[in-house]
Amino acid sequence: MGEGGGFQLGTVGALSLSVVSSVSIVICNKALMSSLGFKFATTLTSWHLLVTFCSLHVALWIKLFEHKPFDQKAVMGFGILNGISIGLLNLSLGFNSVGFYQMTKLAIIPCTVFLETAFLGKKFSRSIQFSLSILLLGVGIATVTDLQLNLLGSVLSLLAIITTCIAQIMTNTIQKKFKVSSTQLLYQSSPYQALTLFVSGPFLDGLLTNQNVFAFNYTPQVLVFIVLSCLISVSVNFSTFLVIGKTSPVTYQVLGHLKTCLVLTFGYVLLHDPFSWRNIFGILVAIVGMVLYSYLCTIEGQQRAREASAQMLQVKNNESDPLIRAEAGAGHKY
């Protein structure tokens, strides 16, 4: 499951797990919220994280991964920030139209690119930027319908974008800096995320729904879907950290838009949601952008690997060539 134990999940496996689990939980939560009337998203997320922590604790107990303590201040700050970003995204959806909320999600990629370029010195080629533009255009065509603006909703969206970008960049940088696996990071940060949302969830959900989560009528059917949602969330949370750690925050967001397209398609096929030619055209454009992004990332990755290999070979040749060393020594004599 991570470093120092169990099994390793490759990049393709991580991406596949993320797509399957995310689409599954969206369909499950849609049934829970739309059909059964349980609309307490933030509180539900806190339960997700609590179940995730308990599941990982069992996994640790049976030695599927090793516990690796590191900077507790970094873990606490990261966990709380993640919790805040989830709460702000839910508030953004509550105080904005669906179209504006979709625009908020689309803005996460360019914001992440800007932050990584400005503060981490990461470079994105024009080809990659072009492919991301095609992707965002396609998802925008498929999902953005109405754009109703209001000041409070706009401020909440801006805060949601910034906190989400920083949290996802930190997910990647913390794993690399402290040499911890996605599982180890999730295990240590999930209690802080869960506590942040557990405390704020009932208040935020009450503000958005005018209902009390503790006064809701928990029928057996509702409880079954809540348990199912919590179980699927373990896979969602694990694969999220895994994908960001193995790839990058931008790739994770690209994957997120693939999930959006799949959810729209499944919604039409399974739930008979309304679907138009605009949705179909947007999804096709988005798929072109995703394929192009994947292809360019593969090509650039292979190019970087060849350059690194050539550099290492050159260093080895310089170190092992006695003629070069002799010439260098002769040069010092003169």
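Visitor: How many helices and how many strands does the secondary structure of the protein come to?

Guide: Welcome! This is a predicted model. Its secondary structure comes to eleven helices and zero strands. If you read from the N terminus on, the elements run α-α-α-α-α-α-α-α-α-α-α.

Visitor: What does the C-alpha trace span along its principal axes?

Guide: The trace spans about 90 × 50 × 35 Å. The protein has 334 residues, and 43% of them count as buried.

Visitor: Let me pick one helix. How many residues does α4 have, and how far does it reach?

Guide: Helix α4 covers residues 98–120, which makes 23 residues. From its first C-alpha to its last it reaches 32 Å, close to the 33 Å expected at 1.5 Å a residue.

Visitor: Where in α4 does a kink lie?

Guide: Look at I108, where α4 has a kink of about 25°. The proline P110 follows shortly after that point. Then move on to G121, just after α4, which takes a positive phi of about 70°.

Visitor: Which residues have a positive phi although they are not glycine?

Guide: Here is the general idea: most residues other than glycine have a negative phi. Now two cases in this structure. K63 has a positive phi of about 65°, and its place is the loop between α2 and α3. K179 has a phi near 55° and sits in the loop between α6 (151–177) and α7.

Visitor: Are K63 and K179 buried or exposed?

Guide: Exposed means over 50% relative accessible area. K63 has 68%, so K63 is exposed. K179, at 56% relative accessibility, counts as exposed as well.

Visitor: Now for the rings. How many aromatic pairs does a search of the whole structure find?

Guide: The search finds ten aromatic pairs. To read one, remember that a pair of aromatic rings is described by the distance of the centres and the angle of the planes. Take F40 and F216: they are 5.7 Å centre to centre, with 80° between the planes, and the pair is edge-to-face.

Visitor: Where in the chain do F40 and F216 lie?

Guide: This pair links distant parts of the chain, 176 residues apart. F40 is in the loop between α1 (11–35) and α2 (41–61), whereas F216 is in the loop between α7 (182–209) and α8 (220–246). Both F40 and F216 are buried.

Visitor: Why is the pair of F78 and F241 edge-to-face?

Guide: Planes over 60 degrees apart count as edge-to-face. The planes of F78 and F241 are at 75°, so this pair is edge-to-face, with ring centres 5.9 Å apart. F78 lies in helix α3 (residues 72–95) and F241 in helix α8, so the pair ties together parts that are 163 residues apart in sequence. F78 counts as buried at 0% relative accessibility, and F241 is buried with a relative accessible area of 6%.

Visitor: Which residues do ring pairs link into a cluster?

Guide: The cluster is made of F38, F40, W47, F216 and Y218. You have already met F40 and F216 as an edge-to-face pair.

Visitor: One last feature. At what angle do α1 and α8 pack?

Guide: Their angle is about 150°, and their axes are 8 Å apart. Angles over 145 degrees count as roughly antiparallel. The helices α1 and α8 are therefore roughly antiparallel to each other. As for handedness, α1 passes α8 in a left-handed crossing.

Terms used. Residues numbered from 1 in each chain as written. Predicted model: local features only at pLDDT ≥ 70, side-chain atom pairs only at ≥ 80, totals over all residues. Heavy atoms only, no water. Helix = DSSP H or I, 4+ residues; strand = E, 2+ residues; numbered from the N terminus. Expected span 1.5 Å × (residues − 1). Bend = angle between axes of the 7 residues up to and from the residue. Phe/Tyr/Trp six-rings, centres within 6.5 Å; stacked < 30°, edge-to-face > 60°. Buried < 20%, exposed > 50% of the residue type's maximum accessible area, 1.4 Å probe, protein only. Axes fitted to C-alpha atoms, helices over the stretch in contact; angles between N-to-C directions. Parallel < 35°, antiparallel > 145°, perpendicular 65-115°, else oblique. Left-handed = near helix turned anticlockwise from the far one by under 90°.
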